[in-house]
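This report describes selected features of one protein model. Please consult the sequence and the structure shown below while reading.

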Amino acid sequence: MRLPLLLNLVACCFFSSTVFPQTKTIPLETKRHALVLRVSDQKDVHICYLGKRLHQIGEYETIQDVYKQATDYTGLLNSAYTPSGSRNLAEPAISVTHADGNQSLDLRYVSHETQQLADGISLLEITLKDPVYPFEVRLFYKAYFDDDVVEQWSQIKHQERGTVTLHKFASANLHLKANAYWLRQYYGDWAREMQPEEERLTHGIKVLDSKLGTRAHLFQPPVFMVSLDRPATEREGEVLLGSLQWSGNFRTDLELDPQNNLRIISGVNNYASDYSIEKGEVFTTPIFMYTFSAQGKGLASRNLHNWARNHKLLDGNGQRLTLLNNWEATYFDFNEEKLKDLLKDTKKLGVDLFLLDDGWFANKYPRNGDTAGLGDWEENRSKLPNGISTLVKEASANGVKFGIWIEPEMVNPKSELYETHPDWVIKQPNRDEYYFRNQLVLDLSNPQVQDFVFGVVDDLFTKNPDLAYIKWDCNAVIYNAYSAHLNNQSHLYIEYVRGLYKVLERVRSKYPTVPMMLCSGGGGRVDYAALQYFTEYWPSDNTDPMERIFIQWENSYFYPAIASANHVTDWGKQPIKFRTDVAMMGKLGFDIVVDHLNDNDLKFCQNAVQTYNGIKEIIWHGDQYRLTHPRENSVASMLFVDKAKDNGVMFAYLVNNRYDEGSHLPIRLEGLDPERRYRISEINLYPGTSSPIAHEQVYSGDFLMKIGFNPQVRKGRESVILQMEAE
């Protein structure tokens with residue numbers, strides 16, 4: 001069995017100062033998991049354990065034998081940060097060329113220290129140095145005790161006489177030991193984001209990566225899961241959820257060696273990105289974060305949700321605005337009068353904000369489609385003769401707020417910006433231009449371009465102080481990568497992302513509380529480095545509610561519901577109730593023509609907004625439980641329970657329309673208090689319909705979690721929302 005071996009191993013690590021006087025152990029613990037590092041007598045730093053935290057350690061008679069058995073064959077294979085070119089034969093975490101041309105690197109332990117940053121948050125710093133070259137790496141491990149989350153990154157610097165080139169520079173280098181491993185990864189494209197694949201890892205290297213530059217997560221998001229010994233379920237199994245916090249090219253190597261050691265090395269993709277650093281310069285890698293659960297994927301996801309709301313997502317414990325977007329109502333075809341009518345519809349619907357989408361700008365090359373105008377951010381005088389300010393005031397007069405769409409990182413070749421500043425555009429000087437969605441990417445490695453992009457946002461707020469929301473889009477990838485600004489072209493992919501963050505930091509410094517949606521043709525740029533600056537993200541342009549159930553489901557493992565912007569649209573064949581119910585599992589919005597709704601549909605939407613306002617706190621800030629998976633069952637069901645276990649909201653959807661499919665058996669709930677009694681009622685009913693759920697029935701939490709409750713989902717009743725209220 002693997003567990004006794006690991007118990008012996010970690011016991012050995014904790015007691016190594018007694019058994020092996022020349023070694024050091026460095027434990028890093030959270031509430032339920034531990035990472036234990038060991039410094040050998042040769043000053044090599046190894047990971048000797050990553051798994052469940054041990055609350056008690058018994059006596060073992062064979063500690064030395066177990067430790068010897070576990071480490072004799074590994075050499076440097078379980079290194080905490082694997083260097084290349086010296087004694088290591090595995091995939092490196094770091095690879096360099098020194099100023100004298102030598103490509104070897106050896107990293108030995110110098111010191112470590114742990115700081116208590118805040119209650120429940122600690123920072124471990126380990127200093128490593130090469131014994132031959134004045135080259136140093138510092139490893140950082142930031143542990144969030146209650147949330148069971150660890151963030152890792154590294155700092156690299158040297159004092160050599162000349163330039164050192166970094167060829168690989170990972171953020172994290174983890175080591176796991178099990179009999180087998182299952183990887184759950186994701187792939188996708190526009191309108192089909194977050195498609196899952198799960199497979200047993202075979203020996204060799206599996207690489208998850210992106211080379212798109214911007215919108216880097218379009219085909220392959222950076223999030224993944226690794227299950228130990230067997231595929232983890234929602235409630236059972238050991239599983240690690242991880243991701244790099246970086247909005248550009250990433251790379252994660254999963255290397256399984258012949259002895260079944262699994263190394264996970266994650267960081268910026270070194271593709272076309274050799275990075276040169278000068279004497280004394282510090283290169284800081286982005287953060288890799290992970291959580292480990294021994295109780296399945298559900299607990300791991302709730303760990304991440306709590307951590308994200310408390311420490312990473314902008315205003316994660318705050319409020320969000322419901323909205324009406326004009327995009328699917330008008331596309332590019334609108335004027336001031338049409339928009340004023342939509343502002344009245346916003347008030348009629350009962351939501352908080354009206355969002356004006358693409359098409360409001362550019363004059364020489366009017367933005368009447370996606371082929372022109374991008375980059376020219378003055379109001380289009382034909383569509384908006386009185387400017388944005390008139391609409392902001394009109395919104396206020398209607399008792400709602402006003403928001404606006406921008407895509408400031410991009411440019412159409414048919415634009416005044418392109419004509420004036422062709423040197424601001426990423427493109428090869430001697431090659432034909434190649435477009436993604438008829439546009440090119442501005443060079444954010446250039447400080448002038450950074451000033452311009454910041455100015456797009458700043459000008460809008462300067463002219464319209466009551467502007468209440470920004471939708472920030474990013475619809476192109478980088479082709480023909482070349483910067484007229486940079487001398488070293490291999491720095492472009494990294495400096496672009498750094499430039500983006502500099503702009504966003506300036507925006508947030510001046511406008512710290514304005515809600516902003518992170519959009520990238522859907523979910524093409526979703527990570528926690530970006531979400532520090534945004535209140536929400538757009539999971540997909542595909543708003544077909546049946547498809548959204550699957551997309552939102554997979555995203556929910558890594559991102560909390562409060563961050564997921566879900567809109568009711570005319571996509572799909574489902575009735576308005578089904579579409580609205582699906583959108584309510586996050587931050588609700590509408591993208592419909594309100595005037596086209598019949599009386600009952602309008603009344604339902606108005607009532608649904610009021611219903612949502614009564615339960616949104618549970619959805620946004622509660623614990624999320626996936627009860628029945630849409631890929632494995634005819635009915636998909638999701639449950640949210642508030643922290644006090646006073647209230648819960650259960651969503652259930654028919655996802656298989658074959659004959660007689662539905663919820664024929666009770667669905668077991670989770671997260672309730674077994675000692676309390678809960679009254680269950682159906683909410684968000686369509687006008688004129690009644691519920692078969694008996695309103696006055698009361699059940700114990702123990703009954704609902706062990707026996708369950710049948711929401712009676714079936715043909716003609718495809719979408720059900722139940723509310724649980726503790727007595």
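In which helix do Asp 345 and Lys 348 lie, and how many residues apart are they? Both residues belong to helix H6, which covers residues 336-349, and they are three residues apart, about one turn of the helix. Their side chains meet in a salt bridge with an N to O distance of 3.8 Å. Asp 345 is buried at 5% relative accessibility, whereas Lys 348 is partly exposed at 38%.

**Confidence of the model**

The model is a predicted one. The mean pLDDT of the protein is 94, and 94% of the residues reach 70 or more. Residues 57-74 have a pLDDT below 50, and in the model this stretch makes 22 contacts beyond near neighbours in sequence. For residues 1-21 the pLDDT also stays under 50; the model has 44 contacts beyond four places in sequence for residues 1-21.

**Salt bridges**

The structure holds 46 salt bridges. The table lists three of these pairs, with the separation of the N and O atoms.

| Acidic residue | Basic residue | N to O distance |
|---|---|---|
| Asp 345 | Lys 348 | 3.8 Å |
| Asp 209 | Lys 211 | 2.6 Å |
| Glu 91 | Arg 251 | 3.5 Å |

The pair of Arg 251 and Glu 91 links distant parts of the chain, the two residues being 160 residues apart. Arg 251 lies in strand E15 (residues 250-256), and Glu 91 is in the loop between helix H3 (63-71) and strand E4 (94-97). Glu 91 is buried, with a relative accessible area of 17%. In the pair of Asp 209 and Lys 211, the lysine counts as partly exposed, at 40% relative accessibility. A network of salt bridges links Asp 44, Arg 87, Asp 106 and Arg 108.

**Helix H4**

Helix H4 comprises 17 residues, from 296 to 312. From its first C-alpha to its last, helix H4 reaches 23 Å, close to the 24 Å expected at 1.5 Å a residue. Helix H4 is mostly covered, with 15 of its 17 residues buried.

**An open sheet**

Eight strands form an open sheet with parallel pairing, in the order E27-E26-E25-E22-E21-E20-E29-E28. Why is one side of strand E27 and of strand E28 left without a neighbour in the sheet? Strand E27 (536-537) and strand E28 (565-568) stand at the edges, and each has a single partner strand, so one side of each lacks a neighbour in the sheet. Strand E28 pairs with strand E29 (residues 587-590) in the parallel sense over four bridges. In strand E29, Phe 590 is the bridge partner of Val 568.

**Cysteines**

How many disulfides does a search of the whole structure find? The search finds zero. Cys 519 is in no disulfide, and the nearest cysteine sulfur, that of Cys 474, is 9.1 Å away. A disulfide requires sulfur atoms within 2.5 Å. Cys 519 is buried, with a relative accessible area of 1%. Cys 605 is buried as well, with a relative accessible area of 0%.

Conventions:
Residues are numbered from 1 along each chain as its sequence is written. This is a predicted model: local features need pLDDT of at least 70, side-chain atom pairs count only at pLDDT 80 or more; totals for chains, interfaces and linings use all residues. Side-chain values use heavy atoms; hydrogens and water are left out. Buried means under 20% relative accessible area, exposed over 50%, partly exposed in between (1.4 Å probe, protein chains only). pLDDT is the predictor's confidence in each residue, from 0 to 100. Contact means heavy atoms within 4.5 Å. The expected span of a helix is 1.5 Å times one less than its number of residues. A salt bridge is a side-chain nitrogen of Lys or Arg within 4 Å of a carboxyl oxygen of Asp or Glu. Two strands pair if DSSP finds at least two bridges between them.
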